[in-house]
Amino acid sequence: MEKKWWMDEIAYQIYPKSFNDSNNDGIGDIPGIIEKLDYLQDLGVTMLWICPVYDSPMDDNGYDISDYENIYPAFGTMDDMEHLLQETKKRNMKIIMDLVINHCSDEHRWFQEALKDKNSKYRQYFIFKEGKDGTPPTNWRSVFGGSVWQKVPDEDNMYYFHSFSKKQPDLNWENPEMRKELYQMINRWLDKGIAGFRVDAINFIKKDQRYQNGEPDGVDGLVACFDYCRNIPGINVFYDELRQETFQKHDCMTVSESVGTGYDIIDECIGDKGCFTMMFDFNYTNLDILDEDYFKPTNWTIKELRDKIYLSQTEIQKIGWSAPFLENHDQPRSINKLIKDPQYYELGAKTLATMFLMLRGTPFIYQGQELGIINFHRQSVDEFDDLNAHSQYHRAIEEGFTPEEALAFLNQRSRDNARTPMPWTKDQYGGFSKHEPWLAMTDGFEKYNAEDQISRHGSILEYYKKMIDIRKNRYHDTLSYGQFIPLILNDNIISYIREYNDERIAVLCNLTSQIQSYQLDNIDQIISNNIHDYTANQLQPYQALIILLK
C-alpha cells in the first residue's frame, strides 16, 4: 500500500462522560480531557477518538444525537471543543470524532417535525410503515431487544423503524435530500479541523426494502434484524456517495464500525474502492459470545483466538488497512475476557499489550486499558446504566435462565464494564471527581490507577509506554508498514512475524498459565521480554517476547 499519515498513528479512545470531571458534577467533560492531555502525550498516543459529545437526551449515552452541531451542555461548549482542538494541535496530536448517521435521537428537530406533520418532507427522512392486521410491519427484533417498530402516537396503525433503541429512529438513506444534509454537516466538522471520524454502525444504513417477516429465533416470536438491515446488498452505492461527497474532499482518516462484515465484502469498506481508510474487525473480539447475545457465552480456546487474529490480519492486508483493538466502550475489559487465570491479570495485561500493539494496522487503546482496569461485579441489575444490559437481562430470563445467571452474564459482558469512571488516583471516586460519579467505580481502582502506576517501576502503564516506543520509534517502519506473517509454533502461543524490507520481527505471546515450548532458531536479539526469566524455546506463563530475527 501507499504510505498514508494515518498508518503512523497510535490512537486512544476517550469516553467523555467517564474520563475526567473538571467541574465536579459527577460527569466527565471536554475541559476534563484538556486537563489530561499531558498524560496522554506522555503515554505516547498521537490521536484521540472522542466518543459523541453532541447534544443528546443521553438515552444511549450520546449515540442518540438531537443536534449534530451543538455540544451536550454537561460536556461543555463549542468553544471548549475548539480549545481542545487547539491544545491537541500544540502537542502534535489529532482528534477524530464519532459519526453517528444510521440513526439520530427522537428529539432531533427532523423527527419532531416528522411526527407533527405526516406530509412534512421530514417524514421521508425516516422509515414509517403501516402495520399488518394490528401487528408491526415485520417481526424483526432490534439490537437492544423488542421490535424494531415503534407505534407512532395518535396515528392508527403507523410505526417507525429503529435498529437500536426506540429513541433512536433510523434515518432513511433512500432519501437523497436527507443524505445531502448529512454530507453538509460532515464537511462542516472536517472544515473545523478534526482529523476524521470513527463511523458508528454504518453497515446498518441499507435496509432490505422487501420488509418481509423472518423465521423467529427466540421465545419472543421475533427474529434478529441483522439479516434485514446490516450489510444489505446495494449498501456500496451509499458508501461511494458518502466518500465522494465528504471524506474524499479532505485528507481525513475514517474508521468503520462494521460488526458482522464478512471478509468477502470488506472491499466495500476499505481499500482502493472502499469508503473508509480502515475498519474495526470484531470477528476476534466477539469470540466469547454468539450472535451478540450475552447469554450465549462460548468456551473459546487460545487456538481459536489465534486463528481468528491470523484470519483478520491476513484477509484485511489483502485489501487495505485495519484498526486493531482489544477494548472499546461496547466491550468488557480485555483482561477478564482473555486472561483465564486471575492470578496472572497484571502479567497478562502486558502480554495482551504486546500481542495487539505489534499487529498490522493503526492500534486503538481504550481509556484505562493501559492501567490494567478490570470488570466490576454488581449485585443487582438496578446498578446497571446501559439500556442494552437491561434488555439482555430480560432476554436471558425469557430464554429460561435464572435471575442470578442473567446477572452473571451482565457482570461478564455488559458495556458498563468499560464505561466506569477513569481512576486517576486511589482517592474517593478515583480522582475522577469530587462528586459521586454518574456510574459507580470499577473494582480494584485503589490499586490500578494512573497515579500509582506513573510512580511504580514495572507497572502496566510503564510497559504500554515501552511498547508504544518500540512501535513508534525503535522499529517504526517494520511495525508500521510491515507485512503480517502468521508464525505457527504451538496451539497455545499467539505468534507472528512483521516483515519490512530486510527486517523481520517476531512476536510470541503465551496466554496460558503453563510453560509453552516452541522451536525458533534464527534469533538475532531479544527486543523486549515482559518477565525477567528467559529460556530459549520456552515461554513462561503469560510471557511475551519481541524478537529481532536474523
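## Setting the terms

Buried here means under 20% relative accessible area and exposed means over 50%, with partly exposed in between. That's the yardstick for the salt bridges below, and keep in mind that this is a predicted model. Searching the whole structure turns up 44 salt bridges.

## A pair within one helix

Let's start with Glu113 and Lys116, whose closest N and O atoms sit 3.5 Å apart in a salt bridge. Both residues belong to helix 4 (residues 109-116), three residues apart, or about one turn of the helix.

Glu113 has 28% relative accessibility, so it counts as partly exposed. Lys116, at 65% relative accessible area, is exposed.

## A buried link between loops

Next up is Arg123, which makes a salt bridge with Glu155 at 2.7 Å, N to O. This pair ties together distant parts of the chain, 32 residues apart: Arg123 is in the loop between helix 4 and strand 6 (128-130), while Glu155 is in the loop between strand 8 (149-151) and strand 9 (158-161).

Arg123 comes out buried at 6% relative accessible area, and Glu155 is buried too, at 11% relative accessibility.

## Asp386, Arg415 and their network

Asp386 and Arg415 also form a salt bridge, with 2.7 Å between the closest N and O atoms. They link distant parts of the chain, 29 residues apart, with Asp386 in the loop between strand 16 (364-366) and helix 11 (387-398) and Arg415 in the loop between helix 12 (403-413) and helix 13 (416-419).

Asp386 is buried, with just 1% relative accessible area, and Arg415 is buried at 8%. Both residues are part of a salt-bridge network that also takes in Asp60, Asp330 and Arg419.

Notes:
Residues are numbered from 1 along each chain as its sequence is written. This is a predicted model: local features need pLDDT of at least 70, side-chain atom pairs count only at pLDDT 80 or more; totals for chains, interfaces and linings use all residues. Side-chain values use heavy atoms; hydrogens and water are left out. A salt bridge is a side-chain nitrogen of Lys or Arg within 4 Å of a carboxyl oxygen of Asp or Glu. Helices (H or I, at least four residues) and strands (E, at least two) are DSSP runs, numbered from the N terminus. Buried means under 20% relative accessible area, exposed over 50%, partly exposed in between (1.4 Å probe, protein chains only).
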